[in-house]
Amino acid sequence: MAVAELWETLKQAIVAYTGLSPAAFFTAVAVAAALYHVVSGLFAAPPPPPPRPREEPEAEPLPPPVQMGEVSEEELRQYDGSDPKKPLLMAIKGQIYDVTQSRMFYGPGGAYALFAGKDASRALAKMSFEPQDLNGDISGLTPMELGSLNDWEYKFTSKYVKVGTIRRAAPAEEVYGSISPEIREEVTVPVVEAEREPEPKPHDDDTP
Ligand code: HEM
């Protein structure tokens with residue numbers, strides 16, 4: 001048999017060249033291989049780390065909220081999330097809050113996107129998503145609804161930065177609709193007076 005003959009020749013060669021028995025020779029080879037493996041493992045570079053799962057692109061840090069001062073309801077509507085470069089704003093009781101940090105709520109497709117860019121006082125007070133309630137008219141609300149609205153206001157003041165107020169350009173009828181005319185006069189007159197620029201008074205020393 002060719003294989004048996006080859007094996008015999010190999011054994012004889014091992015004995016002749018190394019002076020070791022074949023068993024001792026193969027044991028020595030195995031020990032040397034094991035030693036090499038252990039020692040080379042000590043110096044080898046660590047295996048490369050497993051490929052990292054594809055990371056989401058890091059969200060850009062939000063720009064700091066910008067103070068807007070007085071803003072009309074029409075201007076406020078531009079901040080409803082349709083322009084991703086603009087902050088997301090929402091108002092409660094005429095106070096505007098920057099809600100950009102909660103884009104998942106108020107941004108396009110968010111559960112509360114319909115509040116963005118608006119004064120949502122009435123909707124929040126009534127816990128309503130009806131289009132007719134998506135405004136800042138708080139007339140005719142029940143004490144409970146007003147209480148609920150105040151809770152929302154408290155939540156917003158503690159969570160978001162107030163960046164402005166809504167300039168009420170609507171006719172007094174719309175804003176103060178539920179208030180009786182006598183009281184309305186009392187309420188509106190000082191507000192209008194307060195908003196009006198004071199008339200420049202002639203200086204005393206100007207007069208001859
Ligand atoms: C089935 C009814 C509702 C459920 C299960 C629900 C659930 C939630 C949850 C889980 C949050 C997140 C709270 C957080 O992480 O801070 C939230 C937030 C909010 N909910 Fe609702 N909601 C419901 C109805 C309403 C209604 C009717 C309104 C108003 C009309 C409303 C207005 C809001 C607002 C404005 C926020 C966001 C507050 C913020 O900016 O932190 N929700 N809601």
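Okay, N135. You'll find N135 in the loop between α5 and α6. What is the relative accessible area of N135? The value is 24%, so N135 counts as partly exposed, given that the cut-off for buried is under 20%. N135 also pairs up in space with D119: these two are 16 residues apart along the chain, and their C-alpha atoms are separated by 5.2 Å. Bear in mind throughout that this is a predicted model.

While we're in that loop, have a look at M127. M127 also has its place between α5 and α6. Its phi is near 50°, which is a positive value in a residue other than glycine. M127 counts as exposed, because its relative accessibility is 60%.

There's another residue with that kind of backbone angle, K93. K93 isn't a glycine, yet it has a positive phi of about 50°. Where does K93 lie? In the loop between β2, residues 89–92, and β3, residues 95–98. K93 comes out as partly exposed, because its relative accessibility is 31%.

Let me zoom out for a second. The protein has 8 helices and 4 strands. Reading from the N terminus, the order of elements is α-α-β-α-β-β-α-α-α-β-α-α. There are 208 residues in the protein, and buried ones make up 24% of them.

Now the ligand, with its iron atom. Which protein atom is the donor to the iron? It's the OH of Y112, 1.9 Å away, and that's the single donor from the protein. Y112 isn't in a helix or a strand; it lies in the loop between α4, residues 103–106, and α5, residues 121–126. Y112 makes a second appearance too: a polar side-chain atom of Y112 is 2.7 Å from a nitrogen atom of the ligand.

What else surrounds the ligand? There are 13 residues around it, and the closest are Y106, Y112, K155, K159 and Y160. Two of those have polar side-chain atoms by ligand oxygens. For K159, a side-chain N or O atom is 2.6 Å from an oxygen atom of the ligand. For Y160, a polar side-chain atom lies 2.4 Å from an oxygen atom of the ligand. If you're setting up parameters, here's the make-up of the shell: 10 nonpolar, 1 polar and 2 charged residues. Just remember that Tyr is counted as nonpolar in that split.

And which helix gives the most to that shell? That's α6, with 3 residues. α4, α5 and α6 each supply at least two.

So, on to α6 itself, residues 143–159. It has 17 residues and reaches 24 Å from its first C-alpha to its last, close to the 24 Å expected at 1.5 Å a residue. Its buried residues are E145, S148, L149, E153 and F156. They sit on the same side of α6, because they cover an arc of only 145° around the axis. The background is familiar: an α-helix has 3.6 residues a turn, so residues three or four places apart point the same way. On the face turned away from that buried side, the exposed residues are P143, M144, D151, Y154 and S158.

Last stop, two contacts that reach a long way along the sequence. Take Q67, which has its place in the loop between α2, residues 22–43, and β1. Q67 and K162 are 95 residues apart along the chain, with their C-alpha atoms separated by 7.8 Å. Is Q67 buried or exposed? It's exposed, because its relative accessible area is 53%.

Then there's E70, found in strand β1, residues 69–72. E70 and G164 are 94 residues apart in sequence, and C-alpha to C-alpha they're 5.7 Å apart in space. E70 counts as partly exposed, because its relative accessibility is 40%.

And that's it from me. If you open the model, go to Y112 and the iron it donates to, and then over to α6, the helix that gives the most to the shell around the ligand. Happy to take questions.

Conventions: Residues numbered from 1 in each chain as written. Predicted model: local features only at pLDDT ≥ 70, side-chain atom pairs only at ≥ 80, totals over all residues. Heavy atoms only, no water. Buried < 20%, exposed > 50% of the residue type's maximum accessible area, 1.4 Å probe, protein only. Donors = N, O, S within 2.8 Å, 3.2 Å for Na, K, Ca; no water. Near = heavy atom within 4 Å. Polar contact = N/O pair within 3.5 Å; in protein donor to acceptor, adjacent residues only side chain to side chain. Expected span 1.5 Å × (residues − 1). Arc of directions from axis to C-beta.
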